Amino acid sequence: MMNEKARTKKTKIVATLGPASSDREVLKQMILEGVNVCRLNFSHGDHETKVKLIKTIRDINAELGTNVAILADLQGPKLRIGNMEEDQVLETGSTITISTDDFVGTKDKISINYMQFPSDVKPGEKVLLDDGKLVLTILSSDGEKEVKAEVTHGGVLSSKKGFNLPHTNISLPCLTEKDLVDLQFALEQEVDWIGLSFVRSGRDIIELKHLIKKSGKSTRIIAKIEKPEALDDIDNIVKETDGLMVARGDLGVETPMENVPLIQKMIVRKALRCAKPVIIATQMMESMITNISPTRAEVNDVANAVLDGADAVMLSGETSVGNHPIEVIKSMTLIVKQCETESQIYYRETLPERNQNRFITDSICFNATRLAKRVEAKAIITMTHSGYTAYKISSQRPNSHIVVFTGNRRIMSQLSLVWGVSCYFYDKMVSTDHTIADIKYLMRKKGILQEGDMVINIASMPIEEKGQSNMIKLSYV
């Protein structure tokens, strides 16, 4: 049986799977302790391993009656240096050659996997190596193969480290050849969400949407915000995408680190206003990769993400390669639950926009949430086929259960990423009154509602048309 604290928390937990969490019993325990979404990182591992993980997640869902979602996170155009000789130290003040040829690098010359680098960079621009631990300044480029740079901050450099170009307009496509292969695989596996790395503009999302539609799938997209260009086009990205991730690792290297907290808050605000789920990611409980408990700064970091209004908080190395994957979920669930006792996270009203095609549904959702606050309703219960009302009610952050009934199995696990939402399968469409009575009975049976509780039902009339929500009903159980 799922831990009661885990079951009733509203902020969702995303856990990255890897060697530490691929054992069925370990993963089952993580889900029981509060995991809502499993992230498959396509930067590591092969498709065969991913197939086994996907099967394990779905087997556990079937056994526990859960709807844990699967997020396939594409690698994107990750820039890396090539192999290096052992113990190479780049001396501050020295000059180094960066080449697109493939060879084993030294302190004087390194190779990179980015063929357009010599034509894209300009003198004076910075190159950050190994998450910004080493810094180079471009001196000159031959425009074809080789670039000369000065080491402005040196250090040890080992094989395959990433490099960032915070001031360079990169001409690489958003989806690499590897990404396209991984995307096709993920779509065939019917994953719920696709994470698009290094998003630069709303056009990147449109391109991915087109590929998903061409495959005949309805998989939703998470735009990972980790580049300065994304911040310049953030409104278009929020408009086009289905969800967002504040990927603070690369974001903190590509933009000044002191800007990251305010960027995080800004993205959460915009996501809430547009009813798009938002994940806060990277280094949330990093010390728990090796330690049995988090640092107090990490506890504060998770807490602040919850208080900001994030839909989900994410774990990376902590659950993929860490020593304590179950303990880290327990700790995160405790922090989340405690923060959810704070009233400031609830009732974030966004007035419906007039003259747009969802105005009636948006008005119903807005007023349902406002009414729930006034009467202290135990639950807001909605029928949905597309999931739209679930996203909209969730974004208003009511302090009531958001219970979704749907005959569309495809959206049940997708909605596991969305704040406060729990989802159940229901496909009987006799009449609105019959459906509402039946659902109340089922909720009592599951122990979510008790006699005397006040509930709000949202529905579409006539119910069999599965149209936009146009009705609110307030009643006692």
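## Strand pairing around strand 18

Two strands count as paired if DSSP finds at least two bridges between them. In this predicted model, strand 18 (residues 401-406) and strand 19 (residues 421-425) pair in the parallel sense over 5 bridges, and the bridge partner of I402 in strand 19 is V421. The connection between these two strands runs through helix 16 (residues 409-414), and this β-α-β crossover from strand 18 to strand 19 is right-handed.

Strand 18 also pairs with strand 17 (residues 379-383), again in the parallel sense and over 5 bridges, with H401 of strand 18 as the bridge partner of A379. Strand 17, helix 15 (residues 388-395) and strand 18 form a right-handed β-α-β unit. Strand 18, which thus pairs with strand 17 and with strand 19, is mostly covered, with 5 of its 6 residues buried.

## Strand 1 and its partners

Strand 1 (residues 12-16) is largely enclosed by the rest of the structure, because 5 of its 5 residues are buried. In a regular strand the side chains alternate between the two faces of the sheet. In strand 1, K12, V14 and T16 point one way while I13 and A15 point the other way, and all of them are buried. Burial is therefore found among the residues pointing either way from the strand, in keeping with the enclosure of strand 1 by the rest of the structure.

Two pairings involve strand 1. With strand 2 (residues 35-41), strand 1 pairs in the parallel sense over 4 bridges, and the bridge partner of A15 in strand 2 is C38. With strand 16 (residues 312-315), strand 1 likewise pairs in the parallel sense over 4 bridges, and here K12 stands opposite A312. The route from strand 1 to strand 2 includes helix 2 (residues 24-33), and these three elements make a right-handed β-α-β unit.

## Cysteines

How many disulfides does the model contain? The count comes to 0 disulfides. C423 is in no disulfide, and the nearest cysteine sulfur, that of C365, is 15 Å away; the cut-off for a disulfide is a pair of cysteine sulfur atoms within 2.5 Å, so the pair C423 and C365 does not qualify.

Is C423 buried or exposed? With a relative accessible area of 9%, C423 is buried, because buried means under 20% relative accessible area. C174 is also buried, with a relative accessible area of 3%.

## Loop residues with positive phi

Two residues other than glycine, D87 and K160, are described here for their positive phi values. Phi of D87 is near 55 degrees, and D87 lies in the loop between strand 3 (69-73) and strand 4 (88-90). Because its relative accessibility is 70%, D87 counts as exposed.

Phi of K160 is near 60 degrees, which is likewise a positive value in a residue other than glycine. K160 lies in the loop between strand 10 (155-157) and strand 11 (163-164). With a relative accessible area of 45%, K160 is partly exposed, whereas D87 counts as exposed.

Note on methods. Residues numbered from 1 in each chain as written. Predicted model: local features only at pLDDT ≥ 70, side-chain atom pairs only at ≥ 80, totals over all residues. Heavy atoms only, no water. Buried < 20%, exposed > 50% of the residue type's maximum accessible area, 1.4 Å probe, protein only. Right-handed = clockwise from strand over helix to strand, strands pointing away.
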